[in-house]
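Dear colleague,

Please find below the sequence and the structure that I am handing over to you. My notes on what was found follow directly after them.

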Amino acid sequence: MSAPLRLMAVHAHPDDESSKGAATMARYVREGAEVLVCTLTGGERGSVLNPKMDRPEIVANIGEVRRAEMARAREILGVEQRFLGFVDSGLPESEEEELPEGCFALHKLEDAAAPLVAAVREFRPHVIITYDDDGGYPHPDHIMTNKVSVEAFEAAGDPDRYPGAGDPWQPLKLYYQMGFTKERFEALHEAMTERGLGSPYSDWIARWEDRPAKWPVTTRVPCGDYFEIRDEALLAHATQVDPDGFWFVCPRELQQEIWPTEDYHLARSLVDTELPEDDLFAGIHADEVEPACH
Ligand SMILES: [Zn+2]
């Protein structure tokens, strides 16, 4: 019997795992992989984005409420999940606004990456998913999440680095998740317009700069059958996700027809693989990479 393949997804806040790569995780879990979500911060500074949940008792206990939401989403997706203990930096309203003292994004890289290095050495993922170096969107915690993920990918296998954080383990592939591509939103926009459903994406697409993607998509994981699970997990984050809002404007059936994949950029690989890929584990065989004995 070969050991299961292991996938780690690194995220900044509770709810990010459900909006970025959730259907991919749901699929791999149901195919027998072990999947661990590492959530770097507790999302304490997130505002309530769903008007139906904007109530004083919820705002007063937002940290606790978001933990409960995360627990529910974790169950729906079928993944394991842990918080790595940092405090949300909040989304500054202007470039001049200073980040709050002690928040995740202000930590020295080595301090910010240490818990993730320890988690990598303990869980021993073959593949890690994270954001690109722009953070997917410019939230300081998302940009920091990219940095600590790259650091952990590079350092976790090196016995001289992060001593005391567990036995070295070298993950084999690192991906940036690429859900927000112009190509995808244009395809959905066109399909919605053709079918007489008003598309909410036109302004957004128009503002998108016409330049080649910095991180081209290398890997499209078919997971349309899992979009329903993704949507349920998203809805579990009730303070962050408005059921009548952005995430749900495009009918699920249309997404399944027009764009039934979640997309990634292969940022690092220590195995041979042929691009484009349709599987994050392409080129990896667990029984070959597992140490002979424990
Ligand atoms: Zn986030």
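**Charges over rings**

The charged end of R67 lies over the ring of F83, at 4.2 Å from the ring centre. In a second case, R27 places its charged end over the ring of Y28, and here the distance to the centre is 5.3 Å. Please note that the model is a predicted one.

**Aromatic pairs and a cluster**

A pair of aromatic rings is described by the distance of the centres and the angle of the planes. The count of aromatic pairs comes to 15. One of them joins F180 and W204, with 6.3 Å from centre to centre and 75° between the planes, an edge-to-face arrangement. F180 belongs to the loop between β5 and α7, whereas W204 belongs to helix α8 (residues 202-207), so this pair ties together parts that are 24 residues apart in sequence. F180 is partly exposed, at 32% relative accessibility. W204 is likewise classed as partly exposed, with a relative accessible area of 28%.

W204 also pairs with F185: the ring centres are 4.6 Å apart and the planes stand at 65°, so this pair too is edge-to-face. The contact links distant parts of the chain, since F185 is in helix α7 and W204 in helix α8, 19 residues apart. F185 is buried, with 3% relative accessibility.

These three residues take part in one aromatic cluster, which is formed by F180, F185, Y201, W204, W208, F246 and W247.

**The largest pocket**

Which residues lie nearest the centre of the largest pocket? They are G136, Y137, P138, F180 and W204, out of a lining of 49 residues. F180 and W204 are thus the residues of the edge-to-face pair at 6.3 Å described above. The volume of the largest pocket is about 1,600 Å³. Two or more residues of its lining come from each of the elements α1, α7 and α8. Helix α7 gives the largest share, 3 residues. By class, the lining of the largest pocket is made up of 18 nonpolar, 14 polar and 17 charged residues.

**The cavity**

The structure holds 1 cavity of 30 Å³ or more. The space in this largest cavity amounts to about 340 Å³. Its lining consists of 25 residues, and S19, R184, R230, W247 and Q255 are those nearest the centre. The elements α1, α7 (182-194), α9 (227-236) and β7 each contribute two or more residues to the lining of the cavity. The residues that line the largest cavity divide into 12 nonpolar, 7 polar and 6 charged. W247, named here near the centre of the cavity, is also a member of the aromatic cluster.

**Backbone features**

Where is the cis peptide bond that involves P276? It runs from L275 to P276, and its omega is near -5°. P276 is placed in the loop between β7 (261-269) and α11 (286-289).

Two residues have a positive phi although neither is a glycine, namely D15 and Y162. For D15, phi is about 110°. The residue is found in the loop between β1 (6-11) and α1 (16-19). D15 is buried, at 14% relative accessibility. For Y162, phi is about 50°. Y162 is part of the loop between α6 (140-155) and β5 (173-177). With 11% relative accessibility, Y162 is buried as well.

**Cysteines**

How many disulfides does the structure hold? The number is 0. For C38, the closest cysteine sulfur is that of C103, and a separation of 20 Å is too far for a bond. C250 is in no disulfide either, as the nearest cysteine sulfur, in C223, is 14 Å away. For comparison, a disulfide requires the two sulfur atoms to be within 2.5 Å. Both C38 and C250 are buried: the relative accessibility of C38 is 0%, and C250 has a relative accessible area of 3%.

**In brief**

W204 recurs in these notes: the residue pairs with F180 and with F185, belongs to the aromatic cluster, and is among the residues nearest the centre of the largest pocket.

With kind regards

Technical notes: Residues numbered from 1 in each chain as written. Predicted model: local features only at pLDDT ≥ 70, side-chain atom pairs only at ≥ 80, totals over all residues. Heavy atoms only, no water. Buried < 20%, exposed > 50% of the residue type's maximum accessible area, 1.4 Å probe, protein only. Helix = DSSP H or I, 4+ residues; strand = E, 2+ residues; numbered from the N terminus. 1 Å grid on protein atoms, 1.4 Å probe; cavity = no way out; pocket = protein on both sides within 12 Å on 5 of 7 lines; lining within 4 Å. Points joined across faces, edges and corners; volume = space filled by probe spheres on them. Nonpolar A, V, L, I, M, F, W, Y, C, P; charged D, E, K, R; others polar. Phe/Tyr/Trp six-rings, centres within 6.5 Å; stacked < 30°, edge-to-face > 60°. Lys NZ or Arg CZ within 6 Å of the ring centre and 35° of its normal.
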